[in-house]
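Notebook open, viewer open. I want to go through the sheets and then the aromatic rings.

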Amino acid sequence: MNPNQRDTLVSCLAQAVGPVEDSFVDTLVPLLRLIELPGGKMLFQEGDPSDGVYFVISGRLQACVNDEGRQKPLGEVARGEALGEIGILTGEPRRATVSALRDSVLAYLSREVFEQLWRRQPEVLLQISRVVIDRLKQSDRPQKVKRPATVCLLAVTEGVDLRRLGEDLVAELDRFGVAAMETSASIDARFGAGAAETTDREAELHQKVTMWLDDVEYWNEYVLLAADGGDTEWTRRCLRQADEVMLVARAEAPVELHPIEEALCMGEGALTATRQALLLLHEEGTARPSGTRAWLDRRPVDTHYHVRPSHPRDMARLARTLSGNAIGLVLGGGGARGFAHLGLLRALEELDTPIDMIGGTSIGATIALWPAQGYSAAEALEIVDRGFRSLLDYTPPIASLLAGRSISRTIERHAAAWDIEDL
């Protein structure tokens, strides 16, 4: 276990048993067994005996429970976290099935070794009991979504410059934490020609590359892995190492599945079970995306982004979203309040506060339509002023006092031709 792995173990122990002394860590390290778990592989199954505790040194895992024959996700366990400590205390079977979303390294502490430790140091048992009780008290609270730390950039159309895209994105991510990018070229430059293509897991060179990538994740809050253009060992490693796979496509390219997608990201041949996103790259002058639904219908992605790489604001928005710093705006209902929403939008523009996602209810949803389409507050005000001028179109008060025909016509005129995926 190298120094960085040891530091990560200390973070795991702090979560599982609270703060620990260096002497305790020194005693524990020789008793642990390091396990390499490939992405997609199961660690243990719901109902298995609770035979030990696992500390996540690198990677990411997902816990699921059986819900009427279907696997229902409970949450994710990332680097620096522990799992299995409740079972080791209670002796009850595993409460969930846990699998690796990506290649992961775990430090395993068996039940027998754990019992030896707490007999020698009874305070450990007291500490872990307190931590577990506190966690159980908070188990009914919403779980915070864990942002991806390592993202694989995979081009799925011709003409994508992943290196340039990655460099620009790293520059934006640096605003929120230390970021870095690795490519097959950077690996070869560091370890020698062909290093990125080593396939022998037992070979010294392969181990050096693996340890280096673990160190890069340790030193940086955000890591981009730019895959090669074809089915290479480096591309496969990028997919196995990633917390999220971002499929990058030129929006004007033919809508079709790339051979790498079909071979490595879908079906039984998938190298990873982690989530996927689609990044559609648009030309500089694109004002309105279109045809997004066709891209989404062909691939099992969890989310998608529209970006004009030459527009810094677009790249900044992508970085905010990936880093968990996106700004969302929700507009409430209430008729005339819609005009106040327009004033709010104008104030946010004057403060240079970006809006990354927007929604609303009733009149709030109507007003949200304009910024979602890319209109400025002044342009939205002009549309609303012109379209809602006859707002008070009274009707016999059976279901409503107002007919809303003017609002309906304005919405239809500006929204009917749009798919929400294109906003």
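I started with strand 3 and strand 8 (residues 104-110), which pair in the antiparallel sense over 6 bridges. This is a predicted model, so I keep that in mind throughout. For one bridge I looked up V53, and its partner in strand 8 is L109.

Next I asked which sheet these strands belong to. Strand 3 and strand 8 sit in an open sheet of 4 strands, with the order 1-8-3-6 and antiparallel pairing. Strand 1 (33-37) and strand 6 (82-83) are the edge strands, each pairing on one side only. I also checked what packs here: helix 4 (residues 111-120) lies across strand 3 and strand 8, and it runs at about 60° to strand 8.

Then I picked a single residue in strand 8, namely S104. Is S104 buried or exposed? S104 has a relative accessible area of 3%, so it goes down as buried. A polar atom of its side chain lies 2.9 Å from the backbone oxygen of R102. Leaving aside neighbours within four places in sequence, I listed the contacts of S104 as I35, E36, L37, S58, G59, R60 and L61.

On to the second sheet. I found an open sheet of 6 strands, ordered 10-11-9-12-13-14, with parallel pairing. Strand 10 (179-182) and strand 14 (303-307) stand at the edges with a single partner strand each, so one side of each has no neighbour in the sheet. On average, neighbouring strands of this sheet are turned by 25° against each other, direction ignored.

I zoomed in on one edge. Strand 13 (residues 275-281) pairs with strand 14 in the parallel sense over 5 bridges. Opposite L281 stands V307 in strand 14. Helix 12 (residues 312-322) lies across strand 12 (244-250), strand 13 and strand 14, and its direction is at about 155° to strand 14.

Last job: the rings. How many aromatic pairs does the structure hold? I count 4 aromatic pairs. One of them is F44 with Y54, a tilted pair at 5.9 Å centre to centre and 35° between the planes. This pair links distant parts of the chain, with F44 in strand 2 (residues 42-44) and Y54 in strand 3 (residues 52-58), 10 residues apart. F44 counts as buried at 9% relative accessibility, and Y54 is buried too, with a relative accessible area of 8%.

Another pair is F191 with W212: ring centres 6.5 Å apart and planes at 70°, so I filed it as edge-to-face. It also links distant parts of the chain, F191 being in helix 7 (residues 184-191) and W212 in helix 8 (residues 204-219), 21 residues apart. What is the accessibility of F191? F191 has a relative accessible area of 25%, so it is partly exposed, while W212 at 14% counts as buried.

I went back to F44 and Y54 and noted that they form one aromatic cluster together with Y108. Finally I looked for charges over these rings. The charged end of R94 sits over the ring of F44, 4.2 Å from its centre. Over the face of W212 I found R190, at 3.7 Å from the ring centre.

How values were computed. Residues are numbered from 1 along each chain as its sequence is written. This is a predicted model: local features need pLDDT of at least 70, side-chain atom pairs count only at pLDDT 80 or more; totals for chains, interfaces and linings use all residues. Side-chain values use heavy atoms; hydrogens and water are left out. Rings of Phe, Tyr and Trp (its six-membered ring) pair if their centres lie within 6.5 Å; planes under 30 degrees apart count as stacked, over 60 as edge-to-face and the rest as tilted. Helices (H or I, at least four residues) and strands (E, at least two) are DSSP runs, numbered from the N terminus. Buried means under 20% relative accessible area, exposed over 50%, partly exposed in between (1.4 Å probe, protein chains only). A charge sits over a ring if NZ of Lys or CZ of Arg is within 6 Å of the ring centre and within 35 degrees of the ring normal. Two strands pair if DSSP finds at least two bridges between them. Axes are lines fitted to C-alpha atoms, for helices over the stretch in contact, and angles run from 0 to 180 degrees between N-to-C directions. Contact means heavy atoms within 4.5 Å. A polar contact is a pair of N or O atoms within 3.5 Å; within protein, one must be able to donate a hydrogen and the other to accept it, and residues adjacent in sequence count only if both atoms are side-chain atoms.
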